Amino acid sequence: ALVTFCEARRPQVLRRAAAAEQLRRSGTVLPEACPDPDPEEAVWDPEEALRQATLLDSVLVTALLGCRPARRAAVVALLAGEQQCGQGGSNHCHMDSLAPLLAQLGGETFEALLWLFRSQGMHERVLQALAGYRSGGVGVWSREQFFEWYAEYLQWLWHHEEDRSLPRLALGALQPVLEFSPELGLSVLLVRPAAAHKQLSFGGRGVNISEVLKLLRAVAVPASSAGPQRSVLLRKAASSSSNSIAASVLQATPLLSGHLLAVAFLECLVSVPEAPALLHDEFAELLVEGLPGPGDEAAPLGPLYRAKLQRFLANSAAYQPERLMKRLPPLPAYPQENALVLSRLGRHREVLQVHLGLLGDLAAAETYCGLIHGQGGEAARDVYLTLLQVVLAGPSAEELVMALAEKYHRRLPDPFAPLAMLPSHTPLRTVARYCATVLEFAAARKRSLQVLHQLLRVREVDLRVDRS
């Protein structure tokens, strides 16, 4: 009967308490603002209205716990209130009265105790309570359910938009979640909750990226971690580009070490257009650090690091190539990666030497020349001539040079330049076909220009007649 009475009266009491809060903040006196208030809703004394709300909520929680069986779900729903939708709490419970009661009842009311602390903004006490049970489940929670609640709470702290002290609290308490499930822990940092501000990407306002990387790299991922199952935070996530990026990266990266946790975290950050250049440099150096050393090329994670580094170097224009070149193992190690950085430095001859000399991949060299030629500029003008020079440096390459010159003669700045590169003992039959192709093209072009010239002359005559 007491529960029924309190639940019936609660909506009106909460409305009066909300009005009292507004009056207390604004300093407005109700009769002046509303000359004819509803007697049932009028707030003549804001402090009294708030005391009534505190008394009613405290009595209601106590009565719910006194039911047989105790209505624990209803207690949690009351204490959580609007917080479950990402908003502030809406209960007015008396902390000093209810906290000892909930703690005394043990694990069965553990979730209710957490929501009580959280609704009062006592986040340090929430984290202290969670830390005491992080080795396993508690009350009606299994170990998995415990860490899911833990992760969702840290996610709420990490993505808080106003209080910059909360993301730092979340970071300091994240390690147990990362050790339980690396994917769940990273989701705290990377997956934006549905109620977060739409313009925020990955949260953590006020936290330096270096602090996050230090924590992630220090994590020792146990072999018994929860593994690659899809994070509950991803299943509940809002639909956004940043969450899609996070889901893709977490699915493609085996989170087997702290280093890989840092790699996955930075990969998500550099995938958004607004990521600063410094993050690109950090990510590139982190990938280079993960490359196997000399004699250890068969390391199981070597192909993963190489694939990520090659994809990043091919798509990012924000990293500093001079800085990264000093970190990369020198040639002949990692030729593809070195070639991508050399290209950013504009050292196209060396790139072609890597493709042809170290990799023996003529098709890749031709593709590279086509890419550079399509970009325009001085380098585009001479890149095919550079290709012929690099090919000619090989043994018995005259015929191949002429075949390439014939294939790309329209893209050469001077069609007779390949002939000047050939050694004096080159047989005439080697160059005969190329010369014929170039002359035929020149003749066809001359005829085309002559036809165009005549058409322009006719057009000129027509214009003169029209003017006269």
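**Salt bridges, cores and local geometry of an all-helical model**

In the predicted model described here, E267 is a buried residue, with a relative accessible area of 12%. Its side chain takes part in a salt bridge with R311, in which the closest N and O atoms are 3.8 Å apart. This pair connects distant parts of the chain, since E267 belongs to helix 15 (residues 258–270) and R311 to helix 17 (residues 302–315), 44 residues apart. The partner R311 counts as partly exposed, at 44% relative accessibility. The salt bridge therefore joins a buried acidic residue to a partly exposed basic one.

A second pair with a wide sequence separation is formed by R327 and E285, whose side chains meet in a salt bridge at 3.1 Å, N to O. R327 is placed in helix 18 (residues 321–327) and E285 in helix 16 (residues 277–290), so this contact ties together parts of the chain that are 42 residues apart in sequence. E285 counts as buried at 12% relative accessibility, whereas R327, at 48%, counts as partly exposed. Both residues also belong to a network of salt bridges that links D281, E285, R323 and R327.

A local arrangement is seen for E48 and R51, which form a salt bridge with the closest N and O atoms 2.9 Å apart. The two residues lie three positions apart in helix 3 (residues 46–66) and are therefore separated by about one helical turn. Each of them is partly exposed: the relative accessible area is 32% for E48 and 47% for R51. In the whole structure, a search finds 18 salt bridges.

The overall architecture was examined next. The secondary structure of the protein consists of 25 helices and zero strands. Of the 468 residues, 44% are buried. Among contacts between residues at least 6 apart in sequence, 65% join residues at least 24 apart. The accessible surface comes to about 24800 Å², and carbon and sulfur atoms account for 53% of this area.

Confidence in the model was also considered. The average pLDDT of the protein is 86, and 88% of the residues score at least 70. Over residues 30–36, however, the pLDDT is below 50, and this stretch has six contacts in the model beyond near neighbours in sequence. The pLDDT is likewise below 50 over residues 85–89, a stretch with seven such contacts. Where pLDDT is low, predicted coordinates should not be read in detail.

In soluble globular proteins, nonpolar side chains tend to be buried together. The largest nonpolar core of the model contains 105 residues, and the members that touch the most others are L79, L130, L154, L186, L189, L216 and F265. Leaving aside residues up to four places away in sequence, L154 touches L127, A170, A173, L174, V177 and V188. A second, separate core comprises 27 residues, including L352, A365, Y368 and V438.

Nonpolar residues are also found on the surface, where L331, L358 and L359 form a patch with about 230 Å² of accessible area together. Within this patch, L358 lies in helix 20 (residues 348–358) and is partly exposed, with a relative accessible area of 44%. Another partly exposed leucine is L340, with a relative accessible area of 26%; this residue is located in helix 19 (residues 335–344). L340 and A314 are 26 residues apart in sequence, while their C-alpha atoms are 6.6 Å apart in space. Not counting residues up to four places away in sequence, L340 touches Q310, L313, A314 and Y319.

Finally, the backbone shows several unusual features in loops. Most residues other than glycine have a negative phi, and most peptide bonds are trans. The peptide bond from R68 to P69 is cis, with omega near 0°, and P69 is situated in the loop between helix 3 and helix 4 (72–80). A cis peptide bond also joins L331, a member of the surface patch, to P332, with omega about 10°. P332 lies in the loop between helix 18 and helix 19. That loop also holds Y334, a residue other than glycine with a positive phi, near 50°. Y334 counts as buried, at 9% relative accessibility.

Technical notes:
Residues numbered from 1 in each chain as written. Predicted model: local features only at pLDDT ≥ 70, side-chain atom pairs only at ≥ 80, totals over all residues. Heavy atoms only, no water. pLDDT = per-residue confidence, 0-100. Contact = heavy atoms within 4.5 Å. Core = buried A, V, L, I, M, F, W, Y, C linked by side-chain atoms within 4.5 Å. Buried < 20%, exposed > 50% of the residue type's maximum accessible area, 1.4 Å probe, protein only. Patch = residues over 30% accessible without salt bridge, like charges linked within 9 Å, V, L, I, M, F, W, Y side chains within 5 Å. Areas by Shrake-Rupley, 256 points an atom, 1.4 Å probe, with all protein chains shown as cover. Salt bridge = Lys/Arg side-chain N within 4 Å of Asp/Glu carboxyl O. Helix = DSSP H or I, 4+ residues; strand = E, 2+ residues; numbered from the N terminus.
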